Amino acid sequence: MPLAKAKPAEFHGVLLYSKAYRERDLLIKFLTREFGKKMFLVHGAKRPKFRLRAAILPFTYGTYFGDLKADGLSYLNNYKNIDHFQGITADITKNAYATYTMSLIDLAFQDSLPIPKWYDQLMIGLKLIDTGFDEEIITNIFEIQLLAAFGVAPNWVDCSICHRRDLPFDYSEAYGGLICQNHFDRDPYRLHLDQKTIYFLRLFSVVDLTKLKTIKVSDQTKKSLRKVIDQLYSNSVGVIPKSKRFIDQLGKFKI
Ligand SMILES: [Zn+2]
């Protein structure tokens with residue numbers, strides 16, 4: 001097979017993460033709108049007066065120019081119109097949730113697969129977190145809506161056994177979704193969720209971030225949502241990003 005040549009291209013990107021590479025270089029991963037996730041080798045990026053420094057800081061997004069490869073490392077050449085999520089950068093909690101949300105998207109999709117819908121969703125989600133929207137709720141919405149990308153598609157619509165929608169629900173891991181009160185006896189290991197938690201899980205599964213105005217969730221319901229989503233991720237998804245640990249630690253400081 002001939003070596004794939006790098007193609008010069010302009011792209012919209014949001015920085016997912018960067019890591020040290022060799023003495024002076026950085027590896028930088030962008031989610032691009034046009035080409036999916038791409039890893040870039042940035043020569044000399046650790047030098048103090050590096051020309052593109054502002055363009056590759058955490059929580060930066062904008063329009064960039066690079067030499068893009070179908071596989072392997074791409075190269076970043078220049079940028080225009082970059083901006084930073086200042087509110088996220090300045091707040092350790094927002095920072096932790098935004099980082100975790102980005103690592104979930106990184107895990108959910110393979111590199112070089114264009115996912116413009118998720119690029120747009122991520123940009124909206126980060127903007128909401130940046131401007132003061134509850135970062136726990138935004139993160140929960142991503143966690144629920146990303147389940148399908150991880151190959152888990154819970155039925156949040158109706159009872160997985162009889163398809164009724166008018167009775168109280170619970171969640172059954174065995175049935176892979178909601179079950180109604182008439183069928184609670186079918187699964188002794190159902191999660192025994194309260195109706196508020198069920199309400200928000202169903203809402204989060206369909207909510208459109210572009211239309212999100214306000215959502216108020218009590219601390220008690222937030223805890224319950226955290227618990228059930230953790231359960232879904234550890235039992236059904238099976239991958240948990242490292243950045244989740246920091247969120248778990250933040251949770252312990254809350255009373
Ligand atoms: Zn039923």
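In this model α3 and α4 are roughly antiparallel to each other, because angles over 145 degrees count as roughly antiparallel, those under 35 as roughly parallel, 65 to 115 as roughly perpendicular and the rest as oblique. Their axes come within 9 Å and cross at roughly 165°. Axes here are lines fitted to C-alpha atoms, for helices over the stretch in contact, and angles run from 0 to 180 degrees between N-to-C directions. The helices themselves are DSSP runs (H or I, at least four residues; strands are E, at least two), numbered from the N terminus.

A word on the ground rules. This is a predicted model, so local features need pLDDT of at least 70 and side-chain atom pairs count only at pLDDT 80 or more, while totals for chains, interfaces and linings use all residues. Residues are numbered from 1 along each chain as its sequence is written, and side-chain values use heavy atoms, with hydrogens and water left out.

Back to the helices. α3 passes α4 in a right-handed crossing; handedness is left if the near helix is turned anticlockwise from the far one by less than a right angle, and right if clockwise. α4 also packs against α6, at an angle of about 30° and with the axes 11 Å apart. That makes α4 roughly parallel to α6, and this crossing is left-handed.

Now for the charged side chains. Searching the whole structure turns up 17 salt bridges, each one a side-chain nitrogen of Lys or Arg within 4 Å of a carboxyl oxygen of Asp or Glu. Three of them are set out here:

| Pair | Closest N to O |
|---|---|
| Asp 134 and Lys 222 | 2.6 Å |
| Arg 226 and Glu 143 | 2.8 Å |
| Asp 230 and Arg 226 | 2.8 Å |

Take Asp 134 and Lys 222, which form a salt bridge. The pair ties together distant parts of the chain, 88 residues apart: Asp 134 is in the loop between α3 (116-130) and α4 (135-146), and Lys 222 is in helix α6 (residues 219-237). Asp 134 is partly exposed at 23% relative accessible area, whereas Lys 222 is buried at 12%. Buried means under 20% relative accessible area, exposed over 50%, and partly exposed in between (1.4 Å probe, protein chains only).

Arg 226 has a salt bridge to Glu 143, and that one links helix α6 to helix α4 across 83 residues of chain. Glu 143 is buried, with a relative accessible area of 0%, and Arg 226 is buried too, at 17%. Arg 226 pairs with Asp 230 as well; both lie in helix α6, 4 residues apart, about one turn of the helix. Asp 230 is partly exposed, at 27%. Through shared partners, salt bridges join Glu 143, Arg 226, Asp 230, Lys 244 and Asp 248 into one network.

Last stop, the metal. The zinc ion takes its protein donors from Cys 159 (SG), Cys 162 (SG), Cys 180 (SG) and His 183 (ND1), which lie 2.2 to 2.4 Å from it. Donors are N, O and S atoms within 2.8 Å of the metal (3.2 Å for Na, K and Ca), and sites may look incomplete because water is not among the atoms. Along the chain these donors follow the spacing C-x2-C-x17-C-x2-H. The site is tetrahedral, with angles of 104 to 116° among its 4 donor atoms; four donors earn that label if all angles lie between 85 and 135 degrees. Cys 159 is buried at 0% relative accessibility, while Cys 162 is partly exposed at 29%.

Key. Four donors count as tetrahedral if all angles lie between 85 and 135 degrees; four count as square planar and six as octahedral if opposite donors are over 155 degrees apart and all others between 65 and 115; anything else is irregular.
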